[in-house]
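Trainee: Could you take me through one part of this fold in detail? I'd like a close look at a single strand and whatever sits around it, in plain bench talk.

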Amino acid sequence: MSMISGIQGQLLEVTVVCCNKLKDTEWITRQDPYVCLEYGSTKFRTRTCTDGGKNPTFQEKFVFTLIEGLREINVVVWNSNTLTYDDFIGSGKIQLQKVLSMGYDDTAWPIQTKTGRHAGEVRLIMFYANANKPATSYAPSYTAPQPHTPMYSAPSYAAAYQTPSPYPAYPPHSAAYPPTPYPPPQTTAYPPVYPPPSAYPPMSYPPHSAYPPASYPPPTQDYSYPPGPYPPQPY
């Protein structure tokens, strides 16, 4: 209770959002509900939701001045009548412990008839700006390690797994086996299989001028026609 002490004179915002599943007091027409809030000597009334029926909507905000030691708000829902008295639908009490400690409360509060029967719900959104959050009263329970402080010793792991050779038990290859009696092959002892292209003599061809030119005698037959005159050709 110490976290929500000292509320005298502080402000509490209460928004009447809507009502759900109200008891219907009308037989023929739809009822016209409205909500009344009472805290100490302060009283507020919402507008009448005409033809609101069982699920009227209001969305109206009111501001209360808190009183030390008073931790609840009385809520009453009525049905507005024109010619007769208004019909009582239901009433209930709004507890303020949660909103005073957490700073916020969004709850649908139940209301009852005069005989104690369920008469529906009234949804309120309450906001208290001067609430002391529980999270601010706790200090960290541990100290985080410094980034420059190593948590593990890396040289100790390196020395434990460091070995000069992966197979120290086997002797070297030259000591385990005697030298082979065959000399190593000499790559320079064998001549090349094919001589280089320069080893073959170049092929000589006689020049074109070495052959005698072909001589052909001139033609002796004369294909010319003898000179005229020629006789006329008959038709």
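Mentor: Start at Cys18, whose bridge partner in β8 is Arg123. That bridge belongs to a longer run: β1 and strand β8 (residues 118–127) pair in the antiparallel sense over seven bridges. Keep in mind as we go that this is a predicted model.

Now look at what else β1 pairs with. β1 and β4 are also antiparallel partners, again with seven bridges, and there Val14 has Phe62 of β4 as its bridge partner. So how covered is β1, given the under 20% cut-off for calling a residue buried? Seven of its ten residues are buried, so the strand is mostly covered. As a backdrop for that, 23% of the chain's 235 residues count as buried.

If you're wondering how to read side chains along a strand like this, the general rule is that in a regular strand they alternate between the two faces of the sheet.

Follow the chain out of β1 and you come to Lys21, which is in the loop between β1 (11–20) and β2 (33–39). Lys21 isn't a glycine, yet its phi is positive, near 55 degrees. With a relative accessible area of 69%, Lys21 is exposed.

Back to β4, which covers residues 57–65 and includes Gln59. Gln59 also has a positive phi, about 55 degrees, without being a glycine. Its relative accessible area is 53%, and because the cut-off for exposed is over 50%, Gln59 counts as exposed.

Phe64 in β4 is another story: it is buried, at a relative accessible area of 1%. It is also where the aromatics come in. A search of the whole structure turns up four aromatic pairs. In one of them, Tyr39 and Phe64 meet edge-to-face, with 6.0 Å centre to centre and 75 degrees between the planes. That pair links distant parts of the chain, since Tyr39 is in strand β2 and Phe64 in strand β4, 25 residues apart. Both Tyr39 and Phe64 are buried.

Phe44 and Phe64 form an edge-to-face pair as well, with centres 4.9 Å apart and planes at 85 degrees. Here the link runs from strand β3 (residues 42–45), home of Phe44, to Phe64 in strand β4, 20 residues apart. Phe44 is at 25% relative accessibility, so it counts as partly exposed. Put the ring pairs together and Tyr39, Phe44, Phe62 and Phe64 are linked into a cluster. You've met Phe62 already: it is the β4 bridge partner of Val14.

Rings meet charges here too. The charged end of Arg45 sits over the ring of Tyr34, 3.7 Å from the ring's centre. Elsewhere, Lys114 lies over the face of Phe88, at 5.4 Å from the ring centre.

To place our strand in the whole chain, there are eight strands and three helices, and along the sequence they follow the pattern β-β-β-β-β-β-α-β-β-α-α. Among contacts between residues at least 6 apart in sequence, 60% join residues at least 24 apart.

Note on methods
Residues are numbered from 1 along each chain as its sequence is written. This is a predicted model: local features need pLDDT of at least 70, side-chain atom pairs count only at pLDDT 80 or more; totals for chains, interfaces and linings use all residues. Side-chain values use heavy atoms; hydrogens and water are left out. Helices (H or I, at least four residues) and strands (E, at least two) are DSSP runs, numbered from the N terminus. Buried means under 20% relative accessible area, exposed over 50%, partly exposed in between (1.4 Å probe, protein chains only). Contact means heavy atoms within 4.5 Å. Two strands pair if DSSP finds at least two bridges between them. Rings of Phe, Tyr and Trp (its six-membered ring) pair if their centres lie within 6.5 Å; planes under 30 degrees apart count as stacked, over 60 as edge-to-face and the rest as tilted. A charge sits over a ring if NZ of Lys or CZ of Arg is within 6 Å of the ring centre and within 35 degrees of the ring normal.
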